[in-house]
Amino acid sequence: MTEISIAYWTTTGNTQEMAEEIAEGAKAAGASVWIDFIDELDEEQIQKSDVIALGCPAMGEESLDGFFQKYYTRLKPLLKGKKVLLFGSWGWGNGAYLETWKQDAEAAGMNALATLGLKKKPDEEGKSACRRQGEALAAA
């Protein structure tokens, strides 16, 4: 059984909603899922996880939220060699921060499986995309 940890930060609830839909898809595909805020992800949880999904909304000029960034920077060395999904939402711009984030994750030695971005609140199509991504993580 694949062990998946989903750690995220949210300011409006949109990224949390994405995390919950990813979790539902992964559970439906038979994975064991842990889900919580980024500040609850620790070394023990990382070690026992096959896949880590990290979620953060875009802030300002398409950058990671400062609260999330603080924990991500601290956890980055522990994520080396891990399969990761990077996901989040934004209210303006085009989600370019996800590509920058992916490049950073890969430079830190993570295996970035995919990125998933949605503009604003997930609609039914967005929720479905999140569930499909959760199913894919269960098979990773």
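This is a short tour of a predicted model, told as a series of selections to make in your viewer.

**Stop 1: helices α1 and α5**

Start by selecting residues 14–28, which make up helix α1, and residues 124–139, which make up helix α5. Show the side chains of Glu17 and Lys127 as sticks. These two form a salt bridge, and their closest N and O atoms are 3.4 Å apart. Because Glu17 belongs to helix α1 and Lys127 to helix α5, the pair ties together parts of the chain that are 110 residues apart in sequence. Are these two residues buried or exposed? Both Glu17 and Lys127 are buried. For Lys127 the relative accessibility is 17%, and the cut-off for buried is under 20%.

Next, add Glu21 and Arg131 to the selection. Here is another salt bridge, with 2.6 Å between the closest N and O atoms. It too links distant parts of the chain, since Glu21 is in helix α1 and Arg131 in helix α5, 110 residues apart. If you colour by accessibility, Glu21 comes out as buried, with a relative accessible area of 15%. Arg131, its partner in the salt bridge, is partly exposed at 29%.

**Stop 2: along helix α5**

Keep Lys127 on screen and select Glu124. The side chains of Glu124 and Lys127 meet in a salt bridge, at 3.6 Å from N to O. This time both residues sit in helix α5, 3 residues apart, which is about one turn of the helix. Glu124 is exposed, with a relative accessible area of 56%, whereas Lys127 counts as buried.

Now add Lys121 and bring back Glu17. Which residues are linked in a network of salt bridges here? They are Glu17, Lys121, Glu124 and Lys127. Across the structure there are 5 salt bridges.

**Stop 3: the loop before α5**

From Lys121, step back to Lys120. You will find Lys120 in the loop between β7 (111–119) and α5. If you plot backbone torsions, look for its phi, which is near 60°, a positive value in a residue other than glycine. Lys120 is partly exposed, with a relative accessible area of 47%.

While you are here, select Leu116 in strand β7. Leu116 is buried, with 11% relative accessible area. For a distance to try, pick the C-alpha atoms of Leu116 and Ile6: they are separated by 13 Å, with their positions 110 residues apart along the chain.

**Stop 4: a patch of negative charge**

Switch to a surface view and select Asp39, Glu40, Asp42, Glu43 and Glu44. These residues gather in a patch of negative charge on the surface. Glu40 is a handy one to centre on, in the loop between β2 (32–37) and α2 (43–48). Its relative accessible area is 45%, so Glu40 is classed as partly exposed.

**Stop 5: the cysteines**

Go back to sticks and select Cys56 and Cys130. How many disulfides does the structure hold? The count is 0. A disulfide is a covalent bond between the sulfur atoms of two cysteines, and the cut-off used for such a pair is 2.5 Å. The cysteine sulfur closest to that of Cys56 is in Cys130, but the separation is 15 Å, so the two are too far apart for a bond. Starting from Cys130 gives the matching result, with Cys56 holding the closest cysteine sulfur. Cys56 is buried, with a relative accessible area of 0%, and Cys130 also counts as buried, at 0%.

**Stop 6: two long distances**

Finish with two C-alpha distances. For one, select Ala107 in helix α4, which covers residues 97–107. Ala107 counts as exposed, at 70% relative accessibility. From its C-alpha atom to that of Glu24 the separation is 30 Å, with the residues 83 apart along the chain.

For the other, select Arg74 in helix α3, residues 66–75. Arg74 is exposed, with 54% relative accessible area. Draw a line from its C-alpha atom to that of Ala31: the two are 27 Å apart in space and 43 residues apart in sequence.

Technical notes
Residues numbered from 1 in each chain as written. Predicted model: local features only at pLDDT ≥ 70, side-chain atom pairs only at ≥ 80, totals over all residues. Heavy atoms only, no water. Salt bridge = Lys/Arg side-chain N within 4 Å of Asp/Glu carboxyl O. Helix = DSSP H or I, 4+ residues; strand = E, 2+ residues; numbered from the N terminus. Buried < 20%, exposed > 50% of the residue type's maximum accessible area, 1.4 Å probe, protein only. Patch = residues over 30% accessible without salt bridge, like charges linked within 9 Å, V, L, I, M, F, W, Y side chains within 5 Å. Areas by Shrake-Rupley, 256 points an atom, 1.4 Å probe, with all protein chains shown as cover. Lys, Arg positive; Asp, Glu negative; His and termini not counted. Charge placed at Lys NZ, Arg CZ, Asp CG, Glu CD.
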